[in-house]
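Colleague: I'm new to this one. Can you put it up and walk me through it?

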Amino acid sequence: MTATSFSIYAQIISASSESNPVAKQRPEVVRMRSPIAHLVLAYLCGQHEYLRQHEIREGTGLRHSAVCWALLLLRRHGLVEAVPDPVRNGRYLRYKARAV
């Protein structure tokens with residue numbers, strides 16, 4: 001497959017080869033610019049148990065997609081821990097703010 005500078009393949013290759021300084025930082029010093037992620041993290045910090053995603057949605061009043069992306073971002077930065085939900089299925093997760 002030949003790659004021109006305008007192809008999706010070439011853009012993916014060039015993006016993956018660039019270094020990402022944010023990913024190399026410790027989770028405590030990463031600055032997130034997402035106000036939704038901050039809202040979800042603040043809600044989880046106020047809870048002392050693992051919560052399902054729908055409980056986080058009900059508590060914050062956010063939409064499904066917003067909470068999904070916020071949880072993904074928070075997990076990527078190590079601010080939220082996720083464990084499988086044994087009641088439902090292992091592919092479903094429960095979330096809790098990580099003690100920093």
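Modeller: Sure, let's begin with a salt bridge: the side chains of aspartate 85 and arginine 52 meet there, at 2.6 Å from N to O. A salt bridge here is a side-chain nitrogen of Lys or Arg within 4 Å of a carboxyl oxygen of Asp or Glu. Aspartate 85 is in strand β2 (residues 80–85) and arginine 52 in strand β1 (residues 51–52), so the pair ties together parts that are 33 residues apart in sequence.

Colleague: Before we go on, what kind of model is this?

Modeller: This is a predicted model, where local features need pLDDT of at least 70 and side-chain atom pairs count only at pLDDT 80 or more, while totals for chains, interfaces and linings use all residues. Residues are numbered from 1 along each chain as its sequence is written, and side-chain values use heavy atoms, with hydrogens and water left out.

Colleague: Ok. Is aspartate 85 buried or exposed?

Modeller: Aspartate 85 counts as buried, at 2% relative accessibility. Buried means under 20% relative accessible area, exposed means over 50%, and partly exposed is in between (1.4 Å probe, protein chains only). Its partner arginine 52 counts as partly exposed at 22%.

Colleague: How many salt bridges does a search of the whole structure find?

Modeller: Two. In the other one, arginine 94 meets aspartate 85, at 3.9 Å from N to O. Arginine 94 is partly exposed, with a relative accessible area of 24%. That links Arg52, Asp85 and Arg94 in a network of salt bridges.

Colleague: Which ring does the charged end of arginine 88 sit over?

Modeller: The ring of tyrosine 92, with the charged end 3.9 Å from the ring's centre. The cut-offs for that are NZ of Lys or CZ of Arg within 6 Å of the ring centre and within 35 degrees of the ring normal.

Colleague: Let's zoom out. What's the pattern along the sequence?

Modeller: The protein chain reads α-α-β-α-α-β-β, with four helices and three strands. Those are DSSP runs, numbered from the N terminus: helices are H or I with at least four residues, strands are E with at least two.

Colleague: And how much of the chain is buried?

Modeller: Of its 100 residues, 24% count as buried.

Colleague: Back to details. Where is glutamine 53, and what's it in contact with?

Modeller: Glutamine 53 belongs to helix α3 (residues 53–60), and at 15% relative accessibility it counts as buried. Setting aside neighbours within four places in sequence, glutamine 53 is in contact with His64, Val67, Cys68, Leu71, Leu93 and Tyr95. Contact means heavy atoms within 4.5 Å.

Colleague: What about histidine 64 on that list, where is that?

Modeller: Histidine 64 is in helix α4 (residues 64–76) and is partly exposed, with a relative accessible area of 44%. Not counting residues up to four places away in sequence, histidine 64 touches Gln53 and Arg57. From C-alpha to C-alpha, histidine 64 is 7.9 Å from histidine 54, and the two are ten residues apart in sequence.

Colleague: And alanine 82? What touches that?

Modeller: Alanine 82 has its place in strand β2 and is partly exposed at 27% relative accessible area. Beyond neighbours within four places in sequence, alanine 82 is in contact with Arg75, Leu93, Arg94 and Tyr95. Arg94 is the residue from the salt-bridge network with Arg52 and Asp85.

Colleague: Where does histidine 48 lie?

Modeller: Histidine 48 lies in the loop between α2 (35–45) and β1, and is exposed with a relative accessible area of 72%. Histidine 48 and alanine 97 are 49 residues apart in sequence, but 8.5 Å apart in space, C-alpha to C-alpha.

Colleague: Last thing: where does pLDDT stay under 50?

Modeller: Over residues 25–30, for which the model has seven contacts beyond four places in sequence. pLDDT is the predictor's confidence in each residue, from 0 to 100. Where pLDDT is low, the predicted coordinates should not be read in detail.

Colleague: And what does the whole chain average?

Modeller: The protein chain averages a pLDDT of 82, and 74% of the residues score at least 70.
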